[in-house]
Amino acid sequence: MAPSEHPRFPAIDPAMTPTITVASYNMRKAIGTDRRRNPDRVLAVLSEIDADVVALQEADKRVGGRGSAMPHELIDGHGMYTPVAFGVRHNRLLEKIPGGLQAERLMKLDTRNLGWHGNALLVKSHVKVIDVHAIELPTLEPRGAILAELLIGDRPIRIIGMHLDLSGLWRRRQLRTILDLIARRPQAMPTVLMGDTNEWRDGAASLKDLNGNYRFAPTGPSFHSRKPVASLDRIIVDHSLGIEAAGVHTSAASRKASDHLPIWARLAF
């Protein structure tokens with residue numbers, strides 16, 4: 001169901017209320033519920049949602065060259081989105097082996113990552129990038145988050161893409177790190193955090209540091225895509241933004257493309 005068709009919210013006249021549609025999608029390295037890797041399906045789902053800004057999780061592979069699970073050429077050819085460049089890359093296993101980088105070239109491994117520790121942002125052409133930051137998160141395993149400060153027309157907005165830990169203790173430390181970074185940013189602006197929180201309850205201890213300064217868009221359960229029962233994926237906005245509409249995008253394509261369904265929200269500046 002497209003954002004404009006969601007039955008729980010009235011239609012918004014974009015000429016009267018400036019809005020932006022954001023989406024978050026754990027694309028599971030483009031491996032669908034049929035266990036096949038098919039990045040074309042991911043792009044098909046994103047086309048259905050038609051968001052201005054998309055936060056992806058598990059966008060990069062975890063082994064081999066750790067390149068993007070959705071080839072850059074495929075995104076470029078699709079033409080709908082441009083990946084936000086964060087100027088970072090993953091450490092790769094073959095780097096530690098003498099001659100490993102040469103072996104990568106001989107094996108024609110594409111090592112160009114799409115984001116940072118699997119987190120990536122895609123934006124439409126009318127969205128301008130002001131600043132970016134790749135965030136190292138405290139954890140026992142490699143985890144990160146990404147920050148992008150964007151301009152929509154003449155209005156700035158800050159987007160955080162994240163994929164939090166399986167451990168509640170580490171989730172809380174990671175969210176605290178992200179909130180501390182936001183507080184240190186030189187310019188105040190409306191802020192959206194979105195991604196796979198790996199948290200089943202809004203009131204969980206790992207989310208308490210939001211301290212009432214943010215609220216959850218009412219998207220609904222997104223996991224598992226075959227039978228959604230858990231709201232692991234969240235869009236969290238500060239109070240300067242209005243939530244005009246929100247939901248889980250369910251379609252034949254999204255039920256098959258990943259084990260998570262994408263979520264979206266239409267936000268008013």
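In the predicted model, strand 11 and strand 12 (residues 263-268) are paired in the antiparallel sense through six bridges. Within this pairing, Val 248 is placed opposite Ile 263 of strand 12. The two strands belong to an open sheet of six strands, whose order is 3-4-2-1-12-11 and whose pairing is mixed. Strand 3 (82-83) and strand 11 (242-248) form the edges of this sheet, each pairing on one side only. Strands of a sheet pair through backbone hydrogen bonds, in either the parallel or the antiparallel sense.

Helix 1 (residues 39-49) packs against this sheet: the helix lies across strand 1 (19-26), strand 2 (53-57), strand 4 (120-123) and strand 12. Relative to strand 1, helix 1 runs at about 155°.

The loop between strand 1 and helix 1 contains two residues with unusual backbone geometry, Ala 30 and Arg 35. Ala 30 has a positive phi of about 65°, although this residue is not a glycine. A positive phi, of about 70°, is likewise found at Arg 35, again not a glycine. Most residues other than glycine have a negative phi. The two positions differ in their surroundings: Ala 30 counts as buried because its relative accessible area of 0% falls under 20%, whereas Arg 35 counts as exposed because its value of 77% is over 50%. Arg 35 also illustrates a long separation along the chain, since its C-alpha lies 9.8 Å from that of Asp 259 although 224 residues separate the two in sequence.

A further group of paired strands involves strands 7, 8, 9 and 10. Strand 7 (residues 155-163) and strand 8 run parallel and are joined by six bridges, and His 163 stands opposite Asp 196 of strand 8. Together with helix 4 (residues 168-184), strands 7 and 8 make a right-handed β-α-β unit. Strand 8 is also joined to strand 10 (residues 233-238), here by five bridges and in the antiparallel sense. Gly 195 is positioned opposite Arg 234 of strand 10, and Met 194 has Ile 235 as its bridge partner in that strand. Strand 10 is in addition joined by three bridges to strand 9 (residues 214-216), with the two strands running antiparallel. In this pairing, Ile 236 of strand 10 is the bridge partner of Phe 216.

Burial is pronounced in two of these strands. In strand 8 (residues 191-196), six of the six residues are buried, so the strand is largely enclosed by the rest of the structure. The corresponding count for strand 10 is six of the six residues, and strand 10 is therefore largely enclosed by the rest of the structure. In a regular strand the side chains alternate between the two faces of the sheet. Both faces of strand 10 are covered, with Asp 233, Ile 235 and Val 237 buried on one side and Arg 234, Ile 236 and Asp 238 buried on the other.

The loop between strand 9 and strand 10 is the location of His 224. A cis peptide bond joins Phe 223 to His 224, with omega at about 0°. Most peptide bonds are trans.

At the level of the whole protein chain, the model comprises five helices and twelve strands. Of its 269 residues, 52% count as buried. The chain exposes about 12,200 Å², of which carbon and sulfur atoms supply 53%. Among contacts between residues at least 6 apart in sequence, 73% join residues at least 24 apart.

Confidence varies along the model. The mean pLDDT of the protein chain is 87, and 83% of its residues reach 70 or more. Over residues 1-14, by contrast, pLDDT stays under 50. For this segment the model has 26 contacts beyond four places in sequence.

Notes
Residues are numbered from 1 along each chain as its sequence is written. This is a predicted model: local features need pLDDT of at least 70, side-chain atom pairs count only at pLDDT 80 or more; totals for chains, interfaces and linings use all residues. Side-chain values use heavy atoms; hydrogens and water are left out. Two strands pair if DSSP finds at least two bridges between them. Helices (H or I, at least four residues) and strands (E, at least two) are DSSP runs, numbered from the N terminus. Contact means heavy atoms within 4.5 Å. Axes are lines fitted to C-alpha atoms, for helices over the stretch in contact, and angles run from 0 to 180 degrees between N-to-C directions. pLDDT is the predictor's confidence in each residue, from 0 to 100. Buried means under 20% relative accessible area, exposed over 50%, partly exposed in between (1.4 Å probe, protein chains only). Accessible areas come from the Shrake-Rupley method with a 1.4 Å probe; for residues, only the protein chains shown count as cover. A crossover is right-handed if, with the strands pointing away from the viewer, the path from the first strand over the helix to the second runs clockwise.
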